[in-house]
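Q: Please take a close look at a single chain, its fold and its packing, and then set out how the chains touch one another.

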Amino acid sequence: MIALRGKATEVELSAPIARRVWKLVDAATLTPQRHSRAFLAGDDGQAPDGFDLYLSRSAASRPDQDATWLRLPEDLDYLSGGDVVSVSDDGERIRVLWRHQSHQNSILLTERCNHYCLMCSQPPKTREDDELLAQAFELLRLLPRDVAEIGFTGGEPTLYGQELIDLLRLCRNLHPEAQVHVLSNGTRFADPDFAAAWASIENPNMMVGIPIYGAEPARHDYVVQSKGAFNQTIPGILNLAQLGQRIEIRVALHKQTAPALPEIAEFIARNLPFVDQVALMGLEMIGLARANIPELWIDPTEYADELIEAVTLLDRSRIHTMIYNHQLCLIPRSIWPWTVRSISDWKNEYHAECASCNVKDDCGGFFFSAKYKVSENIRAIPIEGTQEPAVLQI
Amino acid sequence: MAKFLDPEAYRAQSADWQLLPFRFERINGRVLVTNLVGEHLFLDAEEFGQLSKGDLPADSPLVRRLRAKHVIRESGDDLPVELLAIKARTRYRRLSEFTALHILVASLRCEHSCPYCQVSRQSSDKGAYDMSSETAAIALDSVFRSPSQNIKIEFQGGEPLLNFELIEEVVATARQRNETEGKNLGFVIATNLALLDDRVIEFCRANNVYISTSLDGPADLHNKNRPRPGRNSWELATAGIQRVREELGVDRVSALMTTTRSSLGRVIEIIDVYVEQGLTSVFLRPLSPYGFAIKTKSFAAYDVDAWLPFFEEGLDYIIELNRAGIPMVEQYSAIVLKKMLTNDDPGYVDLTSPAGIGIGAIVYNYDGDVYASDEGRMLAEMGDKTFRLGNLHQDSYEEIMLSDALLGPLEESFTQSAPMCSDCAFEPYCGADPTYHHATTGDFLGRKPTSGFCRRNMAIFKLLLDRYESDAFTRSLFQTWASH
Amino acid sequence: MTGHVSFDGSTASIDAVQRAAYRLSDRISCDIAAGEGSIEVTVHPAEPDADVEALIGELRNEVLDQVLRERIRGETADVRNLVLAVAFSKTGLVESDG
């Protein structure tokens, strides 16, 4: 599990910290630019002049410059040039906003949300947190032009309304080739004006990921704990579709949704056939999900039939379908082609069984949080032909 | 942390359910329910009782199924209306894109003498029975008047290759004209392949022309149906099929069968021939009511009953072939399944309402006469010109397309307002066939209780639904067929 | 061998009885007449040696289903028209007001 935040172990402020968001530069990535950049000194403390902020790793020597300096905690020692961090006013709290080596950066825009999903991995807070949005604007300006993928998440990003539109327009203008993925419950798009504003961003590389948890209101509304949600999310999707916007439907798989998976797949194929893709997501046992384990936990082997049926139906309806966050030994082999190795690398762990597994490299492994609840059926997959595997062979 | 509410808080507050339009049929003790756009579900007698008596609770698995399939809605819930409207609009989309298939009869001449064929002439007099360049030119004017973005020109006959020069001319002219028209233009030659030679192959390659041919089954069956000098129709057809597959591509040739009484009982042999020839689709066609049957007025519903086991055995055999990894599609089933499982329109002119006559397909005969359908042309050869819409040399496009000869049968055969059809749960899957009903009963609508068309299609719908519900592999296979 | 059956005019309409008779018209032909608060049906089987009572039983069941269909049509006519109006309002096949 890679840490994304930490406390500086030493701080020396020579002046109030000028800005929140900093792009890290080290010896390997040094350029003449100084604006918005912080220098990450090497172990010997060597550093060029001119930066407003210097950082050292946990066991490195302090650089000589007479500017604000922080010492990183050990679990942020992995940071290097090209990464972007935010630093609190007092210099103590560091949040990693962007890891340049990762393909799965996700920009958190807010922790506020108008739903309250049973399995929410990012429990909603009510505090106004616009500073996250402000940092996102800064971050976009610091990223290289050729960044490949940018993810925006929350909470519910559309709570910002026009400001979200502005942010995404900036993103398109500064990074026109980047694949942009925004997560949203989609309810705000039921407002045709907002859907139109979204469409006016005109980014053909942008897709919104919207969850659906039922083929009718009762189930969906219960899972997101919001009465009337289904009757806003679906019209929102329809509005976006009418404007030619790219849409991914996400279905979190747990005890409340897995039994209805074939019905949900049929609903999507018949009523929303225009969607660009469907993502079937394994559960992450953090946040609210931990509080609701009895309502949510189901061993994936128990919904193998439903999964096969749903994937088959969607595939035959020519809807691109992907299965995320499921260990391969728990999924029928016949649908392995639809799995994606997907657990964000900063959340990734493996089970003891995995040491001898032949397909470990193709498997996403586990969320770190899986220690709270894991299937009894995890088994290493042996090399074909050596022995009978004790797992699903459908 | 806020409290989580139980599912009860999110279900409908009261059992204030409103029905959305649906139809039903009782099948083997269960009840098939179809909604306005043909989505189906099966209910047992007790569940149907709840639905029909309005005896549904505020929440139950049945209530959720009925809501998901747009059979009921909560009072005041607009979303089901909007979704049904979108789906209905998709289903009827083709109405504004009319006439996608244009059949040109290049020549009535043919060296085969198939007993059931009404249209061919044994003759070498090209002038008498070949389409002229002038006629073809006017036909092309009509072709490009169609609003449909997808246009397919199909050469038929007789044997169209006997007037190959005309085909070359029409294809060249159409392609040149299409540079400004910008349609998705496709060409098919429906031929018995006896006259396939290097020149034809080269032409088809250069112009991306597809071949449609007849393959009735094993040689004895095929040759009995299709006599020609030399008695080698089957040998020429199969050699031609292989030649097209190898020199143009495996997807460039498709085959249809004509089913006669001799075919009954031999469906597995017939399908096996298709497999041997490397073909991946077969169309288990019904016994035709035209031809001898009409002359003798002997076509009756019992012919359907004789044919249905042929179809059922063939379908089940094809499913087993697929299970064994041998790809084979039954074309009629695929057409029906697309209507059952999707909102898309297969564009099959013989199973659609409004009928496909004129607006799905239109026929330009060698002499310029325009017919609403190929069967309509056949009837004219037998003396009944009901479906003759006009002549290219005398009537304008508007006069032809707005003629009573076309609009009358379209309106009268419309199933959504027809007795029995309007109540039928299978209506979204079915169609109007005014030519068939006119030929067998004398009116465009027919009497569905005694109609062979109705009897056959109802049996096929029930069969397909039964197989769909029974087995996950078949379900997935049918979904694949429906999506092509 | 003809048969006879009576339907209660307050629970079944003539239309429902006619539709039921039509559906079975491959096997029976019917004379349908209005009686005193009832609908009188004389049933003539197409096959001379058919089981008339069984056919009358089928007719009764079919009338019940037709009565149900009539009720469904009545209850859903408005929403059906609404759906089709919305469906065709944007196709150009129907002139829209707005």
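A: Helices (H or I, at least four residues) and strands (E, at least two) are DSSP runs, numbered from the N terminus. The secondary structure of chain A comprises nine helices and 18 strands on that basis. The model is predicted: local features need pLDDT of at least 70 and side-chain atom pairs count only at pLDDT 80 or more, while totals for chains, interfaces and linings use all residues. Residues are numbered from 1 along each chain as its sequence is written, with chains lettered from A and ligands numbered from 1 in the order in which they are written.

The C-alpha trace of chain A spans about 65 × 60 × 35 Å along its principal axes. Its radius of gyration, taken over C-alpha atoms, is 23 Å, which agrees with the value near 21 Å for a compact globule of 394 residues; the globule rule is 2.2 Å times the number of residues to the power 0.38. Of these 394 residues, 45% count as buried, meaning that 20 or more other C-beta atoms, placed from the backbone, lie within 10 Å of the residue's own.

Two residues are in contact if their C-beta atoms, placed from the backbone, lie within 7 Å. Among contacts in chain A between residues at least 6 apart in sequence, 69% join residues at least 24 apart.

Between chains, chain A and chain C do not touch, their nearest C-alpha atoms being 12 Å apart. Two pairs of chains touch, and chains B and C have the most contacts among them. That contact takes 20 residues from chain B and 22 residues from chain C. Helix α3 (residues 79-91) of chain B supplies six residues, the largest share of the side of chain B that touches chain C.

Terms used:
Buried ≥ 20, exposed ≤ 12 C-beta atoms within 10 Å, placed from the backbone.
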